[in-house]
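Subject: Structure handover

Hello,

Here is the structure you were waiting for. Please open it alongside this note, and then read on for what turned up.

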Amino acid sequence: FTALGKATGTFRNDNTRTVSLDASMTSQVTVSHMLIAGIQGNWYVIDVDDRSNVDSRTGGYVTSYVAKPFEVGIYMQDKMEFEGMIANVGLRLDLYNPNAEYYRSTFAPFYYADSTGSHYFEPLAPKEQTTTVVRLQPRIGFSFPVSVGTVFHMNYGTFLQRPTFSQI
């Protein structure tokens, strides 16, 4: 469209490629123990080349980067069946890393300091490589019948969800 006699526009060229691995195994070890284990993994290639308010004088706003984040989950669970009760006990290890450089300061990301003081200038702001987030998460659950039509369930677990890529 045209605003105040100058042509502007927004051009987006965003591509995401994903390589995934998902493997699991189940084994009925004994009559009352069934082991379940697996691994899940995703590796992404995010290629962004966005331009908005493009004109020949100012150049507009350009967002251009390639990121290669990854995430992995490994889990193991024992499903135990006893007379009148079922118990599930397991552990899951999750990890992810945005695998990119990002601003060192969380609260003032575009500031940098030199001998004359602190300044606001994004190209000189200090960056560092992102770290891997790792969490071991226990899971436990019990169920048993209370009456002919009622079953009592009790579960506990901790869970980790990676933020969306647009937020990191």
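One definition first. A residue is called buried when its relative accessible area is under 20%, exposed when that area is over 50%, and partly exposed in between. Keep in mind that this is a predicted model. Every value below is computed from it.

**Aromatic residues**

Start with Tyr102. Its relative accessibility is 47%, so Tyr102 counts as partly exposed. Tyr103 comes out at 14%, and is therefore buried. Phe110 has a relative accessible area of 27%, so Phe110 is partly exposed.

These residues meet through their rings. Across the whole structure, the search gives 6 aromatic pairs. One of them is Tyr102 with Tyr103: the ring centres are 5.3 Å apart and the planes stand at 70 degrees. Planes over 60 degrees apart count as edge-to-face, so this pair is edge-to-face. Tyr103 also pairs with Phe110. Here the centres are 5.0 Å apart and the planes at 85 degrees, so this pair is edge-to-face too. Ring pairs build a cluster from Tyr102, Tyr103, Phe110, Tyr111 and Tyr120.

There is also a charge over a ring. Arg162 lies over the face of Phe165, 4.1 Å from the ring centre.

**The largest pocket**

What is the volume of the largest pocket? The figure is about 730 Å³. Its lining is made up of 26 residues. Tyr65, Ala67, Tyr102, Phe165 and Ile168 are the ones nearest the pocket centre. So Tyr102, the partly exposed ring from above, turns up again here. Phe165, the ring under Arg162, does as well.

Four elements give two or more residues to this lining: β3, β4, β5 and β8 (101-103). Which of them gives the most? β5 does, with 7 residues. By class, the lining divides into 15 nonpolar, 6 polar and 5 charged residues.

**The cavity**

The count of cavities of 30 Å³ or more is 1. The largest cavity has a volume of about 30 Å³. Which residues line the largest cavity? They are Tyr44, Pro69, Phe70, Tyr96, Asn97, Pro98, Arg162, Phe165 and Ile168. Arg162 and Phe165, the charge and ring described above, are both in that list. Phe165 and Ile168 are also among the residues nearest the centre of the largest pocket. By class, the cavity lining has 7 nonpolar, 1 polar and 1 charged residues.

**Strands around β4**

β4 (residues 33-52) has several partners. Take β3 (residues 10-28) to begin with. β3 and β4 run antiparallel and are joined by 19 bridges. They form a hairpin with 4 residues between them. To find the register, look at Thr16: it stands opposite Ile46 in β4.

β6 (residues 70-82) is another partner. It runs antiparallel to β4, with 11 bridges between them. Ile39 has Ile74 in β6 as its bridge partner.

β5 (residues 61-67) also pairs with β4. The sense is antiparallel, over 7 bridges. Here Asp50 has Thr63 in β5 as its bridge partner.

When you look along any of these strands, one general point helps. In a regular strand the side chains alternate between the two faces of the sheet.

**Strands around β12**

β12 (residues 133-147) pairs with β7 in the antiparallel sense, over 11 bridges. Leu91 stands opposite Pro138 in β12. β12 is also joined to β13 (residues 150-157), by 8 bridges, and these two run antiparallel. A hairpin through 2 residues joins β12 to β13. Pro145 stands opposite Val151 in β13.

**One backbone angle to check**

Most residues other than glycine have a negative phi. Asn99 has a positive phi, about 55 degrees, although it is not a glycine. Where is Asn99 placed? Asn99 is in the loop between β7 (85-97) and β8. Its relative accessible area is 31%, so Asn99 is partly exposed.

That is everything for this handover.

Best wishes

Conventions
Residues are numbered from 1 along each chain as its sequence is written. This is a predicted model: local features need pLDDT of at least 70, side-chain atom pairs count only at pLDDT 80 or more; totals for chains, interfaces and linings use all residues. Side-chain values use heavy atoms; hydrogens and water are left out. On a 1 Å grid over the protein atoms alone, a cavity is a set of points where a 1.4 Å probe fits but cannot get out, and a pocket is an open set with protein on both sides within 12 Å along at least five of seven lines; lining residues have an atom within 4 Å of a point. Grid points are joined across faces, edges and corners, and a volume is the space filled by probe spheres set on the points. Ala, Val, Leu, Ile, Met, Phe, Trp, Tyr, Cys and Pro count as nonpolar, Asp, Glu, Lys and Arg as charged, and the others, Gly among them, as polar. Two strands pair if DSSP finds at least two bridges between them. Rings of Phe, Tyr and Trp (its six-membered ring) pair if their centres lie within 6.5 Å; planes under 30 degrees apart count as stacked, over 60 as edge-to-face and the rest as tilted. Buried means under 20% relative accessible area, exposed over 50%, partly exposed in between (1.4 Å probe, protein chains only). A charge sits over a ring if NZ of Lys or CZ of Arg is within 6 Å of the ring centre and within 35 degrees of the ring normal.
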